[in-house]
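Hi there,

Here is the structure I promised to pass on. Have a look at it first, and then read on for what turned up.

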Amino acid sequence: MPDGFIIAEVKDGGALSVQWVIGGILVASIAWVVFEVVRWWRVRQRMASPPLPQSAAPFGLDLTVKTLERRCEAMQHALDEHARQLQQILDRLQRLEQSAAAEPAPAPSAVEPLAASPEYVEPMVLARRGLDAPAIAARCGITLGEAELLVAMARGDRGTAP
């Protein structure tokens with residue numbers, strides 16, 4: 001993974017939620033620009049309604065129009081930059097998805113006995129320390145068969161089929 005870009009571990013649909021978040025940001029940015037353009041357009045319509053001779057237009061009105069035009073241009077540049085950054089993020093996400101799909105899935109490993117069930121943690125620890133099955137069964141309140149199985153697992157015995 002390239003330096004300077006941190007991605008949290010994505011599991012089961014996480015990539016989809018990242019795309020939704022990025023899409024939401026893009027939609028919000030576009031909505032904001034549309035709102036500003038509509039507002040600017042309404043101001044222009046109100047100014048255009050009473051046709052004034054050019055000499056009668058106040059200086060402040062021209063200044064307001066120029067200011068609004070500059071703000072719209074700045075917002076358009078910001079929106080273009082956001083769209084460019086969003087495209088870069090989506091491209092990077094697609095490359096990461098492709099590289100994750102290309103990597104072989106990890107081989108299923110044997111279940112760690114301690115992780116199987118919390119009630120067998122203490123008996124497994126005792127079995128690994130070398131206690132015999134009857135002592136483990138008596139001490140932990142499990143059946144002798146369970147204790148024998150834990151002792152065999154602790155030794156790493158692989159039972160043979162008859």
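Let me start with a pair of helices: α4 and α6 cross in a right-handed way. Four residues of α4 make the contact, namely Pro123, Met124, Ala127 and Arg128, and they meet Leu150, Val151, Met153 and Ala154 of α6. By residue type, this contact between α4 and α6 has seven nonpolar members, one charged member and no polar ones.

Please keep in mind that this is a predicted model.

As for the geometry of the pair, α4 covers residues 121-128 and α6 covers residues 144-155. Their axes lie 8 Å apart, and the helices pack at an angle of about 55°. Because of that angle, α4 counts as oblique to α6; the roughly parallel class takes angles under 35 degrees, and the roughly perpendicular class runs from 65 to 115.

Now for the protein as a whole. It has six helices and zero strands, so if you trace the sequence from start to end the pattern reads α-α-α-α-α-α.

A few totals may help you get your bearings:

- Of the 162 residues in the protein, 18% are buried.
- The protein exposes about 12,500 Å², with 61% of that supplied by carbon and sulfur atoms.
- Among contacts with a separation of 6 or more, 51% are between residues 24 or more positions apart.

If you would like one place to begin when you open the model, try the contact of α4 with α6, where Arg128 is among the residues on the α4 side.

Best wishes

Technical notes. Residues numbered from 1 in each chain as written. Predicted model: local features only at pLDDT ≥ 70, side-chain atom pairs only at ≥ 80, totals over all residues. Heavy atoms only, no water. Axes fitted to C-alpha atoms, helices over the stretch in contact; angles between N-to-C directions. Helix = DSSP H or I, 4+ residues; strand = E, 2+ residues; numbered from the N terminus. Parallel < 35°, antiparallel > 145°, perpendicular 65-115°, else oblique. Left-handed = near helix turned anticlockwise from the far one by under 90°. Contact = heavy atoms within 4.5 Å. Nonpolar A, V, L, I, M, F, W, Y, C, P; charged D, E, K, R; others polar. Buried < 20%, exposed > 50% of the residue type's maximum accessible area, 1.4 Å probe, protein only. Areas by Shrake-Rupley, 256 points an atom, 1.4 Å probe, with all protein chains shown as cover.
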